[in-house]
Amino acid sequence: MSLRGLACVVLGGFALAACGGATSPGNTTTGATAAQLADAQAVLDQYLKVPEFISPGPAFDARKAVAGKTVFSLPSALQIPFIQATSDAYRQLAAKVGLKVTTWPNQGQQSQWVQGMNQAVAQKANLIDLLDGADPNLIMPQVVQAKAAGIPVVDTHDLDFGQTHAPNVAAFVDGDFISAGKLMAAWALIQAQGKADVLIISSTNYQNSFPVRDGMTQLFAKDCPSCKVRVENVNAPDWATKIQPTVQSAITADPNLNYVLPTFDSMLVYVVAGVLASQAKGRVHAASYNGTPSTLDLIRTSGVVTMDVGENPADIAAAGLDQDMRVLAGLPISQNEHLVLRAFTPQNVDEAGNPAVLGQGYGNAWQAGYYGVWGLPAS
């Protein structure tokens, strides 16, 4: 997730953003047709199984590419378990190829990112990786300084393919955040039997909240334009105080509301609290995105959360490392690292562990695939 505050925008007929929310012009009296429901089901079906590996590009000798080199890793906020897991996996994978890694500990403050960038330049690192949403636009003077010193910067897992890349950055590892949003909307539409009445809660201080939200509104516009879709924004500093009352107000105002879809699953604990406080359990359900273990457990225990779109932090780490090594070796960069998604539902959530374990439930194809690309033995 990338920390950026942006203003209200209008897209696809929906007024979206931090300016209070808006409702689509339709209602739930008509609902989706059988063909539209089939289309939503087809979107969902692609992501219910263990994901396959798609090669990011030509194979290369990874150990040769990184011999004697050091990467300075700047994660966006190590207190977030998902980001800590990605960072840990990056270091472990880097050790497999003999790449030295210096990780800059921080709590997501811009001043800390500036300090880290300055330290990377002072240490004469061979490459800087901005991991899991450390926004290069917020530290652009330092990115320019690193570039002038001959240190390329790679932005890993920050933007969707459709978003504008920052200048002066050597390469990107983009996520498929639009598809994550489409999966959430498809699930809600199917579970509501074509008559979805939905509250979307975005968090636009994170740049990738925009494509997750847009993926949802795009699917509803295509497969159920008459469905009722309201969008509210609650930024991260206010999650603990504003999400629950937002949910309770929506439930009170709309007796037909049947799904709440926050863009990130760390928001769900407050959504669940709002549903329970409104005594709407069994009528109002929720789904989200990230695959946080505590959220996956809520699919089994809450009676409110019914689906979560998950990402594998080890796969993200491998994708970032792959792109970094291509830059270090002077190879053509990967245009698509093919980061994987998986939709966890009551039918498959136990594959993530019980209780759920971060990164479990995605199979091992990613590891075997990347090891093959890098010229490493299978295990």
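Before anything else I fixed what buried means: under 20% relative accessible area, with exposed over 50% and partly exposed in between, using a 1.4 Å probe and protein chains only. Helices (H or I, at least four residues) and strands (E, at least two) are DSSP runs numbered from the N terminus.

This is a predicted model, in which local features need pLDDT of at least 70 and side-chain atom pairs count only at pLDDT 80 or more, while totals for chains, interfaces and linings use all residues. Residues are numbered from 1 along each chain as its sequence is written, and side-chain values use heavy atoms, with hydrogens and water left out.

**Entry 1: strand β8**

I started with β8, residues 171-175. Five of its five residues are buried, so the strand is largely enclosed by the rest of the structure. I then checked which way the residues face: Ala171, Val173 and Gly175 point one way, Phe172 and Asp174 the other way, and all are buried.

**Entry 2: the sheet around it**

Next I looked for the partners of β8. Two strands count as paired if DSSP finds at least two bridges between them. I found an open sheet of five strands in the order β5-β4-β6-β7-β8, with parallel pairing. Its edge strands are β5 (100-103) and β8, each pairing on one side only. Neighbouring strands here are turned by 25° against each other on average, direction ignored. For such angles, axes are lines fitted to C-alpha atoms, for helices over the stretch in contact, and the angles run from 0 to 180 degrees between N-to-C directions.

How many bridges join β7 and β8? Strand β7 (residues 153-160) pairs with β8 over four bridges, in the parallel sense. I noted two facing pairs: Asp155 is opposite Phe172 of β8, and Thr156 is opposite Val173 of β8. β7 is mostly covered too, with eight of its eight residues buried. Towards β6 (residues 127-131), β7 has four more bridges to a strand that runs parallel to it. There, Asp129 has Val154 of β7 as its bridge partner.

**Entry 3: nonpolar cores**

I looked up the cores next. A nonpolar core is a set of buried Ala, Val, Leu, Ile, Met, Phe, Trp, Tyr and Cys residues joined through side-chain atoms within 4.5 Å. The largest has 65 residues, and Leu189, Ile201, Phe220, Val247, Leu261, Val271 and Tyr289 touch the most other members. Helix α6 (residues 177-191) gives the largest share of this core, 10 residues. Another core, of 32 residues, lies apart from it and has Val173, Ala318, Tyr371 and Leu376 among its members.

I picked out Val271 for its contacts (heavy atoms within 4.5 Å). Leaving aside neighbours within four places in sequence, Val271 touches Ile201, Ile243, Val247, Val260, Pro262 and Ala286.

**Entry 4: α11 and α12**

How are α11 and α12 set against each other? The axes of α11 (residues 313-328) and α12 (residues 365-374) come within 10 Å and cross at roughly 10°. The two helices are therefore roughly parallel to each other; that label takes angles under 35 degrees, with over 145 as roughly antiparallel, 65 to 115 as roughly perpendicular and the rest as oblique. On the α11 side the contact includes Ala314, Ala318 and Met325, and on the α12 side Trp366, Tyr370, Val373 and Trp374. I sorted the contact residues into nine nonpolar, no polar and three charged. In that sorting, Ala, Val, Leu, Ile, Met, Phe, Trp, Tyr, Cys and Pro are nonpolar, Asp, Glu, Lys and Arg are charged, and the others, Gly among them, are polar.

**Entry 5: helix α10**

In α10 (residues 293-301) the buried residues are Pro293, Thr295, Leu296, Asp297 and Ile299. They pack against α9 (268-277), β13 (305-310) and β14. I looked closer at Thr295: its relative accessible area is 3%, so it is buried. Beyond four places in sequence, Thr295 is in contact with Asp265, Leu268, Val305 and Asp308. After α10 comes Gly303, with a positive phi near 75°.

**Entry 6: two loop residues**

Gly353 sits in the loop between β14 (342-344) and α12. Is Gly353 buried or exposed? Gly353 is buried, at a relative accessible area of 7%. Gly353 touches Arg300 and Gln360, not counting residues up to four places away in sequence. Between the C-alpha atoms of Gly353 and Pro293 I noted 8.8 Å, with their positions 60 residues apart in sequence.

Thr33 is in the loop between β3 (22-23) and α1 (34-45). Thr33 is partly exposed, with a relative accessible area of 42%.
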